[in-house]
Amino acid sequence: MKIAVLDDYAGAALRLADWSAYPDVTVFADTITDHATLLARLAPFDVICVMRERTPMRAALIAGLPNLKLIVTTGPRNASIDLEAARAHGVVVSSTPSRKTTTSELSMLMMLALNRRLMPEVASLHGSAGWQTGLGRDLAGLTLGLIGLGNIGAQMAILGKAFGMSVCAWSQNLTQERADEVGVARMDSLTDLMAASDVASVHLVMSERSHGVLDARAFAAAKPGQVFINTSRGPIVDTDALITGLRVGSPAMAGLDVFDVEPLPLDDPLRDADLIADGKLLMTPHLGYTTEATFTVFYRETVAAIDAWIAGAPIRVLT
């Protein structure tokens, strides 16, 4: 049985789990987007282990892999796998558990870095100025607006309050009961939330309804001086609208960990040297879930899913 482990940028798969029962495991550290090249690479494999949505398993790809019998995805869900196509071709799709604190920690890191001008001041220290050049902003006393109040949004509410922030939230299906349960103010609309928030942080699940919901109208409503953060999914934000907004100060700054296309192309408009140099834009390469503890869970449970499938009792099957 031939097993492929895809997109292991950190070289962690073989180190964090025991694959000794499977002598024919090939680990790939890069992401291929060309369909024909990807087909040729994956054609020999019976089992493909994917890291979240780094390599989408679309219908055409699944149909072109006659040896494929099992896909294991890290995380409890993966919208980039065509489950109907997998079922039609007799391919089982299993998932793994995840951890719930990594993304909220990164969001807070971005919030602190942007508000305290960390990157511009580090650059200043190591540049010709040689010392500090500006003033940062305390989180205490600011309003944190959460766009989405699921598990991660609720964690953000706790962390924001710990820093002395007032917290409000909005989503298309947020109820007053949920807002009361988490202890935050419920906003009637996204524009209301943007207008009230010194920091706005996105924690929505990617769906047709959330696609592009952060648009030009939302950014035009941003409170003066607002820091905008997206650690959820890139397509939730209209990138062109965000870039336009940053250039006119609405929002004032942004922190992005997720993008429409990943890895982020070298010629992507977001790689705007002026925005980055001015400290208006902080970008990280989708680090929200990339921690030692999380990847240990991912890869150990990937092996467990293969074990269960071989035993004839697949676990955590996505349907």
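**Exercise 1. Classify Met 119 by its accessibility, then place it in its helix and its patch.**

Step 1. Met 119 has a relative accessible area of 46%, which makes it partly exposed. The scale behind this runs as follows: buried is under 20% relative accessible area, exposed is over 50%, and partly exposed is in between, with a 1.4 Å probe and protein chains only. The areas themselves come from the Shrake-Rupley method with a 1.4 Å probe, and for residues only the protein chains shown count as cover.

A word on the model before we go on: it is a predicted one, where local features need pLDDT of at least 70 and side-chain atom pairs count only at pLDDT 80 or more, while totals for chains, interfaces and linings use all residues. Residues are numbered from 1 along each chain as its sequence is written, and side-chain values use heavy atoms, with hydrogens and water left out.

Step 2. Met 119 belongs to helix α6. Helices here are DSSP runs of H or I with at least four residues, strands are runs of E with at least two, and both are numbered from the N terminus.

Step 3. Together with Leu 118 and Val 122, Met 119 makes a nonpolar surface patch of about 250 Å². Patch members have over 30% relative accessible area and no salt bridge; nonpolar side chains (Val, Leu, Ile, Met, Phe, Trp, Tyr) are joined within 5 Å, and like charges within 9 Å.

Step 4. Now for the buried residues of α6, which spans residues 118-126: Pro 120, Glu 121 and Ser 124 are buried. They cover an arc of only 95 degrees around the axis, so they sit on the same side of α6. The arc is taken over the directions from the helix axis to the C-beta atoms.

**Exercise 2. Which kind of aromatic pair do Tyr 289 and Phe 295 form, and why?**

Step 1. Start with the rule: rings of Phe, Tyr and Trp (its six-membered ring) pair if their centres lie within 6.5 Å, and planes under 30 degrees apart count as stacked, over 60 as edge-to-face and the rest as tilted. This rule gives six aromatic pairs.

Step 2. The ring centres of Tyr 289 and Phe 295 are 5.9 Å apart and the planes meet at 25 degrees, so this pair is stacked.

Step 3. Carry on to Phe 295 and Tyr 299: their centres are 5.9 Å apart with planes at 80 degrees, so that pair is edge-to-face. Phe 295 and Tyr 299 are four residues apart in helix α13 (residues 292-310), a separation of about one helical turn.

Step 4. Check the burial. Tyr 289 is buried at 5% relative accessibility, Phe 295 is buried at 6%, and Tyr 299 is buried too.

Step 5. Put the picture together: Tyr 289, Phe 295, Phe 298 and Tyr 299 form one aromatic cluster. Over the ring of Tyr 289 sits the charged end of Arg 52, 4.6 Å from the ring centre. That contact requires NZ of Lys or CZ of Arg within 6 Å of the ring centre and within 35 degrees of the ring normal.

**Exercise 3. Which parts of the chain does the salt bridge of Arg 316 and Glu 301 tie together?**

Step 1. A salt bridge needs a side-chain nitrogen of Lys or Arg within 4 Å of a carboxyl oxygen of Asp or Glu. The count by this rule is 11 salt bridges.

Step 2. Arg 316 and Glu 301 meet at 3.0 Å, N to O. Arg 316 lies in the segment after α13 and Glu 301 in helix α13, so the bridge ties together parts that are 15 residues apart in sequence. Arg 316 is partly exposed at 29%, and Glu 301 is partly exposed at 25%.

Step 3. Next, look at a bridge within a helix: Arg 178 and Glu 181 meet at 3.4 Å, N to O. Both lie in helix α8 (residues 176-182), three residues apart, about one turn. Arg 178 is partly exposed at 22%, whereas Glu 181 is exposed at 60%.

Step 4. Finish with Arg 186 and Asp 188, whose closest N and O atoms are 3.6 Å apart in their salt bridge. Arg 186 is partly exposed at 34%, whereas Asp 188 is exposed at 61%.
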